[in-house]
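Student: I would like to go through this structure with you and learn what stands behind the words used for it. Could we take it step by step?

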Amino acid sequence: MTPRRLDNDRSAVAAIHRQQQAEPSLYVHIPFCETKCPYCDFNSYRVAGRDVDGYLSALAREMDQRGVPRNPPTLFLGGGTPTVVEPDTLARYLDDILGRIQPDPTREFTVEANPGSLTREKIAVLKERGVTRLSLGAQSFFDHHLATLGRVHAARDIEEAYAWARDGGIPEVNLDFIYAVPKMTLREWNETLARAVSWAPDHLSCYALTFEPGTEFFTKRRAGRMRSIDEGLELAMFRLTHRRLDHAGYKRYEISNFAPAGYECKHNLGYWRNRPYAGFGAGAVSYLDGERLSNERGLARYATSVGEHGHAVVEREALTTEDAAREMVVLGLRTQHGVDLAEVDARYGISTRALFQQTIDKLVAGDLITDTDRLRLARRGWRLADGISAEFV
Amino acid sequence: MRLSHLRNFCIIAHVDHGKSTLADRLLLATGVVTERDFRNQVLDTMDLERERGITIKASAVQMPVQDLTVNLIDTPGHVDFNYEVSRALHACEGALLLVDCAQGVQAQTVANAYLAVEANLEIIPVLNKIDLPGARPDVVAEELAAVLGIDPVGMLTVSAKTGEGVSEILQAIVDQVPPPEGDPEAPVRALIYDATYDDYRGVIVYVRVLDGELKRGMKIKFLSSGREYDVNEVGAFKPLMQKADRIEAGSVGYVVAALKTLDHVKIGDTIAPAKNETVEMIPGFEDPKPLVFCGIYPSSSQDFDELRKSIEKLQLNDASFTFHPESSEALGFGFRCGFLGLLHMEVIQERLEREAGVEIIQTAPNVTYEVKKTNGDIIMVERPAELPDPAHIDELREPTVRASMITPPESIGPLMTLVNDRRGSFVRQEYLSQTRTILVCDIPLAEMVFDFYDLVKSATRGYGTMDYELTGFVKADLVKLRLLVGGTEVDALSVICHRSIAQRRGREIIRALQKTIPRQMFEIALQTAIGGKIIARESIRALRKNVTAKCYGGDVTRKRKLLEKQKAGKKRMRQVGNVSIPQEAFLSVLGRGEEKKKK
Ligand SMILES: Nc1nc2c(ncn2[C@@H]2O[C@H](COP(=O)(O)OP(=O)(O)O)[C@@H](O)[C@H]2O)c(=O)[nH]1
Ligand SMILES: C[S@@+](CC[C@H](N)C(=O)[O-])C[C@H]1O[C@@H](n2cnc3c(N)ncnc32)[C@H](O)[C@@H]1O
Ligand code: SF4
Ligand SMILES: [Mg+2]
């Protein structure tokens, strides 16, 4: 199988990336969950009846054949639910990954987990392997919303899992929440935030529920069997999130991510700063030498492809310098830090000002972005980020 | 000299009263077509084929009746082609005036009957559809008698469907339609009464030869332009095209000359021998001027060329439709198109969309205005942007039509309300029968361009029909209603209208825009103004939230594609300052609410 090449003006971008950028971060994808949540469009599958061992050996082979970065600045184990497997399996593949890179106790090492999938034992395995960050999919503290979301756990389980993680000595714990769930009230969301803050987690991700194409929720809404909440209410929740968390010391450093200074997720920041990463596993994406590579999403095809070719890349997209620059602006704008156009210019050798000045002037005049040392979303701009970004693509 | 072996006639009728069916019946009865052809509706099939470019419209079909040669001449179907209809009528000596005797006399029955009277035709009234249970031949005969001032007794009745009464019609044609008059020995003099364009054969001209004869190889000239052409082929339809040596005096047929476009073929023009100075122009020739205009733009600018090709091609078939390129700051490059009337405009639009396969945006239609400037000059204004500065306008005049509406008497009240509402005035009323009245009114054409037909239909609960003709340009208190989006005037949304309705019209346009312009990142002010004076204003609230919650490494490509889509969607809209205006917005100012559907 020869991967499809989408663009051929990549050599320039590749050269730029090679000479200017550090080692890529490392992402490993574990596509299994206890059940498939009806709103979720991640590449994840119900684990029952799947050939987990087969997948893990394909993963190992892919890492061998393509080669993992020796000293990635961050390591992220995501899914799916990486912790859904038995403790010994978990230990085995963690070792498999760690065995391929240089040990570094200061490296950020995140593992995603579903509260329903955790045990004290699994936490111990994570701790032993040097996991520095656990990202827990709490989603809500209200059982009726958890039920709407089709989650396998109750509010009580979140508390337990969180306590285990803390007791088990995981240095940083993040909680994921979803708001704007059908029938959710502002009061409920306020309570959720208050309670989350009272636990003093190290990081909070708060996502507005998105009806992603291809999900059960999407189909239901289209058929009129489910309604999104009122736009005004969603906006109120979006604002409340910012206000409450800011007040409690969790700064919004990206549209949906909040943390005290120094506790941001470095791995994710790498994405928004247009840094390179190498992704392994079904559906994983890599961004290397200015080229984006996507793996086969289907489990069987992923395994077959790795078996036959040593990799499962099905799509390569080589960005032109201009596209890469546009992306860097769009991604950077998602963050509080914003984007330094001079840096973009220096990296890609183009003039973003020439490209964007008119757009920038218009958006600044509309109070949607600020253009000081860096380009940033203005207060009113956060909630309109997509419309703003669309001006730059 | 009477050419006693010839007869030329046409069938005139309101739409759906059975013209095509009767024509097919006559062809069957005279053996021109077979029973099988008949079942397949010969003439309509040929229409379809013509659309596919296979055969050519039979504008006249020749049939033998007893020992005579009888030509059935087709007339164009609708009100906007009154002039063309009248030319076709001038190619005949008689007309079958066909009326559906379940429906009774309708507006086009009357309009066509008068055109036939003006053309000095022998009119043979025929009551069709007598097989229908609701047929009322007596009442309809009375109505016809009232219209034509003739005796209601002894009118022909027929069922085009079953064939009953058809032989009597043929006999009436032989007995009552006078043979044509003409001089076979004189230099050729022929009337162009129709023309069509065929992809394979080029321009095909339909003629009625008055004197002399038209032969292959002849050199001819068109008198209106003096241009000369070689005749490559002549012939007749039997019912398919059949070449012949000549078209004799008094007869009709087709001519293929070396003409590339219909541009130079003017309906009503006279054909004479090339080197002849004595043949006189046949009276009544006019060069019809378009009365209704609108801008037609491609939905996406890269389709401009495609649209241009399609428009040019359409014009080949319909020279009365005019166009020239124009540009609008809001819509980019497109065409200003002129039409004989409203129906004409609709027909053209439909054909464009169907045949061109490009999506088009059409701006609000407007009529031509006559402007008398303060310096005495008179100019014609085809679009709001061309209106001179008000300081230079002495008088603004708008086209006015005389409309005849045929309606049950109980609908006269609602109809008059409608007419008054549209600045119309009553002219006269005539009773045709207990169930049918003619109401004649003068109405500014501009008041009819939106939805007048529909409203006539609803005011008469579907029973009313209408026909109109231009009476002239009349002074009126007109203003240019400017539309401002975010403070910027959008020329394509501005209109000329009567001062008395400017306020209402302004609010209607704004309301339509509020429904069609999506909310954007900024609040959008919508205003209408006369000169500098704002007469209505509203706004479109700013979009409240538009942000993707999750965006990580694996999503980047997909999210970017979504943003690109958002941007592309925006690109398809027209940018006016900060505001993106979708194409539906331009269309929405067209209507006054309801869907348009006219017949
Ligand atoms: N019952 C009945 N229907 C007829 C008769 N003549 C025509 N029609 C129907 O009336 C409709 C319109 O006829 P058509 O010939 O297309 O009308 P045109 O628009 O005048 O050409 C068609 O559905 C015909 O089948 C008739 O004598 N009796
Ligand atoms: C891979 S999951 C995290 C770990 C684990 N699979 C779980 O769900 O508990 C990533 C997070 O994305 C968020 N998410 C997934 N689908 C979403 C959607 N349609 N709308 C909003 N947030 C969503 C959830 O908060 C979820 O925790
Ligand atoms: S557990 Fe997480 S990854 Fe799995 S289906 Fe649910 S939201 Fe998606
Ligand atoms: Mg017909």
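**Reading the model together**

Tutor: Gladly! Let us begin with a ligand: the shell around ligand 3 has four nonpolar, six polar and one charged residues. Keep in mind that this is a predicted model.

Student: Which residues are around ligand 3?

Tutor: They are A:Cys33, A:Lys36, A:Cys37, A:Cys40, A:Phe42, A:Ser44, A:Gly79, A:Gly80, A:Thr81, A:Asn114 and A:Gly137. Each counts as near because its C-beta atom lies within 6 Å of the ligand.

Student: What makes A:Gly79 polar and A:Cys33 nonpolar here?

Tutor: The classes used place Gly among the polar residues and Cys among the nonpolar ones, so A:Gly79 goes to the polar group and A:Cys33 to the nonpolar group.

Student: And which residues come nearest to ligand 1?

Tutor: Of the 15 residues around ligand 1, those are B:Gly18, B:Lys19, B:Ser20, B:Thr21 and B:Lys161. Helix α1 (residues 19-29) of chain B gives the largest share of that shell, three residues. By class, the shell around ligand 1 holds four nonpolar, six polar and five charged residues.

Student: Why is strand β5 of chain B called largely enclosed?

Tutor: A residue is buried if 20 or more other C-beta atoms lie within 10 Å of its own. In β5(B), residues 122-128, six of the seven residues are buried, so the strand is largely enclosed by the rest of the structure.

Student: How do you know that β5(B) pairs with β4(B)?

Tutor: Pairing needs at least two bridges. Seven join β4(B), residues 94-100, to β5(B), and the two run parallel, so they count as paired. One of the partnerships is B:Asp100 with B:Asn128.

Student: What about β5(B) and β6(B)?

Tutor: Strand β6(B), residues 156-157, pairs with β5(B) in the parallel sense over two bridges, so the requirement of at least two is met. Here B:Leu127 has B:Thr157 as its bridge partner. Between these strands the chain crosses through helix α6(B), residues 137-148, in a right-handed β-α-β crossover.

Student: What makes a crossover right-handed?

Tutor: With the strands pointing away from you, the path from the first strand over the helix to the second runs clockwise. β4(B), helix α5(B) (residues 107-118) and β5(B) also make a right-handed β-α-β unit.

Student: How many residues of the two chains are in contact?

Tutor: 36 residues of chain A are in contact with 23 residues of chain B. The chain A side divides into 18 nonpolar, nine polar and nine charged.

Definitions and conventions: Residues are numbered from 1 along each chain as its sequence is written. Chains are lettered from A and ligands numbered from 1 in the order in which they are written. This is a predicted model: local features need pLDDT of at least 70, side-chain atom pairs count only at pLDDT 80 or more; totals for chains, interfaces and linings use all residues. A residue is buried if 20 or more other C-beta atoms lie within 10 Å of its own, exposed if 12 or fewer, and partly exposed in between; C-beta atoms are placed from the backbone. Helices (H or I, at least four residues) and strands (E, at least two) are DSSP runs, numbered from the N terminus. Two residues are in contact if their C-beta atoms, placed from the backbone, lie within 7 Å.
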